[in-house]
Amino acid sequence: MKLLFNNKKEDLLSRLKRQEPAAQKIFYDQSVKKFLSVAKSYVSDLYQAEDCVIKAFCKIFKHIESFRGEGNFEGWARKIVVNECLNFIKSRKTVFYLDDVHASVLEDLQEEQIDFDFNAQELLDQLPDAYRMVFNLYVIEDYSHQEIADTLNISLAVSKTQLFRAKEKLRKIYFQQQKKLKNENV
């Protein structure tokens, strides 16, 4: 497709604010794969993740005037994708937060430094929704535990517990996969 304009971000943004379909298509084409990857990290089912992305694009285009130019436009749009995924998960009401673990267990945990070769998305897809949401918000979106607690309406301790359990579950899954691969190669 021939570009209708120089595709400068400022120019694209001003055209998006004027609701120009050509600008919307360019932004969609440039962003859909990245946004689908973000959505897939929260919503394991591809079709549901696609629905979240489509809804997010609709919100982005509808509320583009609310972007004030503070920060990065793509970051603003990405946050809408994340929020759409969180709203989807909350609407299903299948996320259960387990009881807190003792704080001493969290403090004693030391991160293992391991050199991996794996598909991160496959590992994340195996996490329960509650673990995956907290893990993604903390590790990928760089939210603090307080921000996660506020966003998900959970306590600070539950946020920390879910992250701890997500990391433990990811380790177990990874080592099980490695053991299985090792046995297959023998």
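Here are a few worked exercises on a predicted model of a helical protein.

**Exercise 1. Work out the overall make-up of the protein: how many helices and strands does the secondary structure have, and what share of the residues is buried?**

Step 1. Go through the secondary structure and you end up with nine helices and zero strands. Read along the sequence, that gives α-α-α-α-α-α-α-α-α.

Step 2. Now check burial: 37% of the 186 residues count as buried.

Step 3. Finally, look at how far apart the partners in contacts sit. Take the contacts with a separation of 6 or more; 69% of them are between residues 24 or more positions apart.

**Exercise 2. Describe how helix 7 packs on helix 8: what is the crossing angle, and which residues meet?**

Step 1. Two packed helices are described by the angle between their axes and the distance between the axes.

Step 2. Helix 7 covers residues 129-140 and helix 8 covers residues 145-152; their axes come within 10 Å and cross at roughly 135°. That angle makes helix 7 oblique to helix 8, because the roughly antiparallel label needs an angle over 145 degrees.

Step 3. For handedness, the crossing of helix 7 and helix 8 is right-handed.

Step 4. On the helix 7 side you'll find Met133, Val134, Leu137 and Tyr138, and they meet His145, Ile148 and Leu152 of helix 8. Sorted by class, the residues of this contact are six nonpolar, one polar and no charged.

**Exercise 3. Do the same for helix 4 and helix 7: at what angle do they cross, and how do the contact residues divide by class?**

Step 1. Helix 4 spans residues 73-92, and its axis comes within 11 Å of the axis of helix 7, with a crossing of roughly 165°.

Step 2. Helix 4 and helix 7 are therefore roughly antiparallel to each other, and helix 4 passes helix 7 in a left-handed crossing.

Step 3. Helix 4 brings Arg78, Val82, Leu86, Ile89 and Arg92 to the contact, while helix 7 brings Asp129, Met133, Leu137 and Ile140. The tally for helix 4 with helix 7 is six nonpolar, no polar and three charged residues.

Step 4. Compare the lists: Met133 and Leu137 of helix 7 turn up in the contact with helix 8 and also in the contact with helix 4.

**Exercise 4. Find the surroundings of Glu141: is it buried or exposed, and which residues does it touch?**

Step 1. Glu141 sits in the loop between helix 7 and helix 8.

Step 2. Its relative accessibility is 17%, so Glu141 counts as buried; the cut-off is under 20%.

Step 3. Leaving out residues up to four places away in sequence, Glu141 touches Val38, Tyr42, Arg78, Val82 and Asn136.

Step 4. One of these partners deserves a closer look: the side chains of Glu141 and Arg78 are joined by a polar contact of 2.8 Å. Arg78 is also in the contact of helix 4 with helix 7.

**Exercise 5. Place two loop residues with positive phi: where are Gln19 and Asn153, and how accessible are they?**

Step 1. Gln19 isn't a glycine, yet its phi is positive, near 60°. You'll find Gln19 in the loop between helix 1 (9-17) and helix 2 (21-42).

Step 2. With 37% relative accessibility, Gln19 counts as partly exposed.

Step 3. Asn153 isn't a glycine either, and its phi is near 55°, again positive. Asn153 is in the loop between helix 8 and helix 9.

Step 4. Asn153 has a relative accessible area of 69%, so it is exposed.

Conventions. Residues numbered from 1 in each chain as written. Predicted model: local features only at pLDDT ≥ 70, side-chain atom pairs only at ≥ 80, totals over all residues. Heavy atoms only, no water. Axes fitted to C-alpha atoms, helices over the stretch in contact; angles between N-to-C directions. Helix = DSSP H or I, 4+ residues; strand = E, 2+ residues; numbered from the N terminus. Parallel < 35°, antiparallel > 145°, perpendicular 65-115°, else oblique. Left-handed = near helix turned anticlockwise from the far one by under 90°. Contact = heavy atoms within 4.5 Å. Nonpolar A, V, L, I, M, F, W, Y, C, P; charged D, E, K, R; others polar. Buried < 20%, exposed > 50% of the residue type's maximum accessible area, 1.4 Å probe, protein only. Polar contact = N/O pair within 3.5 Å; in protein donor to acceptor, adjacent residues only side chain to side chain.
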